[in-house]
Amino acid sequence: MKFKTTPYKHQLDAFNISKDKKAYAYFMEMGTGKSKVLIDNLAYLHKLGQINAALILAPKGAYRIWTNVELEKHMPDSIDFVSTHWTPTPKKKEKESLLDILKFDGRWKLKILVMNIEALSTAKGAKFAAIFLSKHIALMAVDESTSIKNHKAKRSKVALHLGNKASHRRILTGEPVTRSPLDLYTQMAFLSPHIIGHSSYYSFRNRYAILRKRITNAAAFDEVVGYKNIEELQSKIQYYSFRARKEDCLDLPPKIYQTREVPLTPEQSKIYKDLVKTSRAELEEADNKGVISVPMMLTKLLRLHQVTCGNLKDDNGKTYNINNNRIKALLETLEETDGKAIIWCNYIQDIHKIEEALQKEFGKDSCVTYYGATTSDERVKAIEDFQGDSPVRFFIGQSRTGGFGLTLTKARTVIYYSNNYDLEVRLQSEDRAHRIGQNFSVTYVDLVSPDTVDEKIIKSLKAKRNLSMTVMGDEWKDWIN
């Protein structure tokens with residue numbers, strides 16, 4: 001096998017172990033180059049004549065990077081291939097590419113279709129993927145496979161169904177366990193139900209979760225209160241997976257974690273306390289009736305979090321700005337840093353406020369933004385400007401949108417203007433800067449308002465990270481000090 005880009009030792013190990021297997025998982029931390037390993041595997045299988053196509057599913061914020069960057073960078077020159085990405089409303093040229101990718105090529109050209117995983121939730125996307133697989137001998141891969149961890153989600157069910165049509169299957173993720181060991185069920189079932197030995201999620205849950213019967217006035221249900229047989233689960237997936245952690249296989253500079261406290265203003269504090277009091281009363285009333293609405297609880301937490309960031313959205317969807325210290329704390333933090341910085345936010349209104357403040361302080365061309373409404377062309381330019389020699393010093397992004405698949409190694413500092421409860425989003429967004437190509441240590445700064453939901457979020461993330469380490473057989477390491 002002649003590689004286009006020379007693999008690191010861990011990449012070569014992963015390739016050699018997986019190259020001939022029908023099903024395999026690359027549990028390789030972000031930044032260790034798992035995309036390259038998959039591409040090398042595609043090239044190898046294509047040269048052997050075992051596949052003539054590949055369907056790659058990736059998160060919406062990252063799937064175009066496969067066609068725009070990864071394939072061109074790593075696919076060996078000896079492989080005759082064509083690739084295109086899915087779009088539900090294609091322009092003329094895109095439509096021609098999508099139609100061409102469906103045609104059988106007698107010359108045995110490798111055809112690669114890249115789709116956003118969210119497309120499987122639509123009838124149009126699921127149908128197109130099924131047609132593509134039916135016309136080719138294909139490998140199907142799910143990049144960031146925790147996107148199919150929810151066994152009830154439509155896209156998870158469709159992914160499992162489509163996987164049966166592929167000759168080979170791969171999953172890729174740095175942290176397959178982001179909430180509980182039960183996250184592994186659908187991911188491994190996609191590869192093969194024989195790996196874990198359970199054809200039902202509920203039999204899998206009964207084997208590896210400790211359940212307690214909970215009875216309310218409204219209903220009775222099984223509540224997960226712990227986990228069991230974890231070593232058995234580890235041994236089952238070990239043969240079908242390759243684990244790589246950055247500190248074990250890359251000579252990357254260290255991560256440094258800091259916390260900057262941001263006290264609430266009197267106005268924030270009053271609104272926050274009033275919300276806590278009102279929420280507690282509403283939840284107690286609901287509990288007395290035997291029903292606690294999950295959406296209601298999540299809404300209360302969301303509003304409390306918004307208040308700590310200086311915003312509040314009412315029941316009519318109108319957003320109010322609240323006097324706060326967070327922008328001031330951000331500017332003070334940036335004054336203490338050198339080089340470029342990434343600023344991650346939860347809320348779009350915060351992105352706009354930060355952009356305005358940074359342009360006023362550092363100049364109009366000092367920053368770029370990256371969130372859901374950012375067009376594809378604007379996203380490409382934002383990354384190029386940040387990574388290049390332009391005046392852009394700050395990358396302001398929504399972590400759920402920009403936290404996946406991007407390479408932002410020019411950053412020396414990553415600031416979390418606000419966090420959320422999703423461990424995968426946190427880990428992914430951290431490693432946009434800490435990956436192959438980073439030559440400096442990266443400092444991570446969390447802006448946290450004491451005695452608020454901010455601290456509860458950090459505590460929750462730590463607990464999830466600890467559980468993930470236990471399931472994957474990794475030792476605990478310091479994280480978010």
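**Close-up views of a predicted model**

**View 1. Helix 16 has the span expected for its number of residues.** Helix 16 (residues 376-387) has twelve residues. At 1.5 Å a residue they should span 16 Å. The end C-alpha atoms are 17 Å apart, which agrees. The model shown here and in the other views is predicted. Five names mark the buried residues of this helix: Arg379, Ala382, Ile383, Asp385 and Phe386. They lie on the same side of helix 16, because they cover an arc of only 165° around the axis. Asp377 and Glu384 are exposed and sit on the face turned away from that buried side. What covers the buried residues of helix 16? The cover includes strand 13, strand 14 (367-370), strand 15, strand 16 and helix 17 (399-402).

**View 2. Strand 13 is mostly covered.** Strand 13 takes in residues 340-345, and six of its six residues are buried. Its side chains point two ways. Lys340, Ile342 and Trp344 point one way. Ala341, Ile343 and Cys345 point the other way. Strand 13 has strand 16 (residues 411-416) as a parallel partner, with five bridges between them. Here Ile343 stands opposite Ile415 of strand 16. Strand 13 also runs parallel to strand 15 (residues 394-398), again joined by five bridges. Which residue of strand 15 is the bridge partner of Cys345? It is Gln398.

**View 3. Strand 13 belongs to an open sheet of six strands.** The order is 10-17-16-13-15-14, and the pairing is parallel. Strand 10 (255-261) and strand 14 stand at the edges. Each has a single partner strand, so one side of each is left without a neighbour in the sheet. From one strand to the next, the twist averages 20°. Strand 16 also pairs with strand 17 (residues 442-448), in the parallel sense and over four bridges. Tyr416 has Asp446 of strand 17 as its bridge partner.

**View 4. Seven strands form another open sheet.** Their order is 3-4-2-5-6-1-9, with parallel pairing. Strand 3 (81-85) and strand 9 (241-244) are the edge strands, and each pairs on one side only. Neighbouring strands of this sheet are turned by 15° against each other on average, direction ignored. Strand 3 and strand 4 (residues 110-116) run parallel and are joined by five bridges. Thr84 and Leu113 are bridge partners in this pair of strands. Helix 1 (residues 9-18) packs on the sheet. The helix touches strand 1 (23-28), strand 6 (168-172) and strand 9. Its direction makes about 165° with that of strand 1.

**View 5. The whole structure has zero disulfides.** Cys309 is in no disulfide, and the nearest cysteine sulfur, that of Cys345, is 8.1 Å away. Is Cys309 buried or exposed? At 0% relative accessibility, Cys309 counts as buried. Why does Cys367 form no bond with Cys345? Its sulfur is 11 Å from that of Cys345, the closest cysteine sulfur, and this is too far for a bond. A disulfide needs sulfur atoms within 2.5 Å. Cys367 counts as buried too, because its relative accessibility is 8%, and buried means under 20%.

Notes
Residues are numbered from 1 along each chain as its sequence is written. This is a predicted model: local features need pLDDT of at least 70, side-chain atom pairs count only at pLDDT 80 or more; totals for chains, interfaces and linings use all residues. Side-chain values use heavy atoms; hydrogens and water are left out. Buried means under 20% relative accessible area, exposed over 50%, partly exposed in between (1.4 Å probe, protein chains only). Helices (H or I, at least four residues) and strands (E, at least two) are DSSP runs, numbered from the N terminus. Two strands pair if DSSP finds at least two bridges between them. The expected span of a helix is 1.5 Å times one less than its number of residues. The arc is that of the directions from the helix axis to the C-beta atoms. Contact means heavy atoms within 4.5 Å. Axes are lines fitted to C-alpha atoms, for helices over the stretch in contact, and angles run from 0 to 180 degrees between N-to-C directions.
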